[in-house]
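Q: Could you take a close look at one part of this model for me, the way its helices pack against each other? If there's a metal site worth a glance, throw that in too.

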Amino acid sequence: FRERDRDIWDIERRIIGHLLGDSAEKLDQLTADSIVIAHDLTPSQTANLDKHRILGFATDLGGKTSHTAILAHAMRIPAVVGLKDITSHVRNGDPVIVDGMRGQVIIEPDGDQVFNYRQEQMAFAKVQSELDAMAGLDARTTDGTDIKLWGNIEFPDEIPAAVNNGATGIGLYRTEFLYLAGNIAPTEDEQYLAYKQAIESLGGDKPLTIRTLDLGADKLMGNDITPVDERNPFLGVRSIRLCLQNLPLFKTQLRAIMRASAHGKIRIMFPLISNIMELRQAKMVLNDVIEDLAEQKVPFDSDVPVGIMVEVPSVAIEATKYCNEVDFFSIGTNDLIQYTVAVDRGNERVANLYSAAHPAVLQLIRGVVQSAKRCDVDVSLCGEMAGDPVFVMLLVGIGLRSLSMTPPAIPEVKKLIRQVSIKQCERIARKARSLETDRAVLNYLRDETRKLLPDVF
Ligand code: PEP
Ligand code: MG
């Protein structure tokens with residue numbers, strides 16, 4: 001009973017609300033511009049927020065690379081997550097400022113604060129419109145090296161905006177959001193149409209990297225596809241593991257992807273591979289699907305590149321072993337960091353220990369890039385780190401020539417790339433790797449980035 005007391009308080013609050021005639025606003029059908037203050041928002045609640053009415057949100061729970069925060073960035077919604085107890089400080093109707101740049105929420109701001117933030121809002125809009133003008137320019141360093149800048153998306157309708165931001169391909173399409181949007185799994189035809197819409201809106205020449213279902217952990221569905229009773233969901237039946245334990249679900253998705261491959265350049269990417277046998281099993285299922293399609297004379301591209309996300313340390317350490325079995329690697333630092341430093345990416349209480357600048361993380365990324373180069377396998381990086389200007393020179397200096405990021409981040413990253421040479425980046429990467437702590441690495445990279453992007457920092 002002690003464990004249930006929150007439920008009882010919740011029931012009390014709702015009964016009183018009904019007696020008073022209050023009606024709760026639905027997050028996807030707000031009637032006025034609003035800021036949402038919540039204990040937590042799941043990725044699917046965030047995806048369904050009414051983009052036109054939500055001015056920002058702040059939550060008690062969450063981390064900077066949780067899927068809720070990633071979506072907020074993609075949807076350009078100012079957000080601060082992981083504030084621990086914001087819900088106990090704000091009452092309904094309080095004016096608040098959500099400063100997503102600094103990670104601050106100001107409750108009942110005074111006149112000066114409102115004035116200063118209005119000024120800042122205008123300055124930000126000006127910088128944004130200057131950045132928007134970068135879309136048509138090449139992402140080329142001063143010594144003439146092209147860096148591929150691709151977009152990460154959750155829904156096909158994000159593609160036009162990604163292309164407007166300058167994406168020359170999609171390096172990560174998180175297809176699980178198609179499942180999270182409803183309570184039942186989409187049919188093969190529904191998926192086929194979504195993938196076809198995505199590839200067609202990209203235009204013929206730009207590749208679309210479709211990542212197979214990454215459900216589980218923090219992305220749960222309200223039905224029995226995703227397990228609900230795991231003690232350690234991030235280490236449990238998540239992602240490719242869930243697909244390999246549920247072959248009809250996996251095959252349905254692979255069939256839809258292969259059918260869509262008849263309409264453009266599609267690449268297939270398996271997430272959370274942690275073991276070479278898992279990769280071989282996934283490829284066998286894909287081959288079965290391909291054989292069935294061929295037998296049924298359904299058109300598809302017989303040359304679809306197949307790659308993996310490198311987001312588990314076991315694969316990063318042994319990347320060379322995977323070279324012969326994949327066409328490309330995509331380094332998923334959001335998970336790679338959490339599994340390397342043993343920090344849940346969505347847990348605000350340990351967020352200070354979650355760092356892309358951790359020397360061990362840098363060593364793993366560099367190792368993967370070097371292995372890929374040695375065996376001539378395409379490699380890119382699609383974690384949030386790719387779109388953070390602070391890390392761009394380091395990543396290029398380590399040897400990456402392809403970065404995939406949330407589309408609104410592309411112009412700023414491009415602006416930076418156009419001001420540096422590969423030599424400069426290599427020098428910065430060498431220095432960063434020689435530093436002892438993540439703090440020292442971060443401070444050094446911030447200082448170097450500030451010199452080139454003074455408007456942003
Ligand atoms: C990652 O883990 O870095 C990644 C890009 O995938 P996701 O954020 O969807 O887990
Ligand atoms: Mg991941």
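A: A quick bit of vocabulary to start: a crossing is called right-handed if the near helix is turned clockwise from the far one by less than a right angle, and left-handed if anticlockwise. Keep in mind that this is a predicted model. With that in hand, H7 crosses H9 in the right-handed sense. Helix H7 covers residues 188-202 and helix H9 residues 247-260; their axes come within 8 Å and cross at roughly 40°. On the H7 side, the contact is made by Glu-188, Asp-189, Gln-191, Tyr-192, Tyr-195, Lys-196 and Ile-199, and H9 answers with Thr-252, Gln-253, Arg-255, Ala-256, Ile-257, Arg-259 and Ala-260. Sorted by type, that's six nonpolar, three polar and five charged residues.

Another helix pair is H14 (residues 359-374) with H15 (residues 389-398), packed at an angle of about 40° with axes 10 Å apart. That angle makes H14 oblique to H15. H14 brings Leu-362, Ile-365, Arg-366 and Val-369 to the contact, while H15 brings Leu-394, Leu-395 and Ile-398. The split here is six nonpolar, no polar and one charged.

Now the metal. The magnesium ion (ligand 2) has Glu-311 (OE) and Asp-335 (OD) as its protein donors, 2.0 to 2.1 Å away. Glu-311 sits in the loop between strand S10 (306-310) and helix H11 (313-317), and Asp-335 in helix H13 (residues 333-341), so the pair ties together parts 24 residues apart in sequence. Glu-311 counts as buried because its relative accessibility is 2%, and Asp-335 also counts as buried, at 3%.

Notes
Residues are numbered from 1 along each chain as its sequence is written. Chains are lettered from A and ligands numbered from 1 in the order in which they are written. This is a predicted model: local features need pLDDT of at least 70, side-chain atom pairs count only at pLDDT 80 or more; totals for chains, interfaces and linings use all residues. Side-chain values use heavy atoms; hydrogens and water are left out. Axes are lines fitted to C-alpha atoms, for helices over the stretch in contact, and angles run from 0 to 180 degrees between N-to-C directions. Helices (H or I, at least four residues) and strands (E, at least two) are DSSP runs, numbered from the N terminus. Contact means heavy atoms within 4.5 Å. Ala, Val, Leu, Ile, Met, Phe, Trp, Tyr, Cys and Pro count as nonpolar, Asp, Glu, Lys and Arg as charged, and the others, Gly among them, as polar. Donors are N, O and S atoms within 2.8 Å of the metal (3.2 Å for Na, K and Ca); water is not among the atoms, so sites may look incomplete. Buried means under 20% relative accessible area, exposed over 50%, partly exposed in between (1.4 Å probe, protein chains only). Angles under 35 degrees count as roughly parallel, over 145 as roughly antiparallel, 65 to 115 as roughly perpendicular and the rest as oblique.
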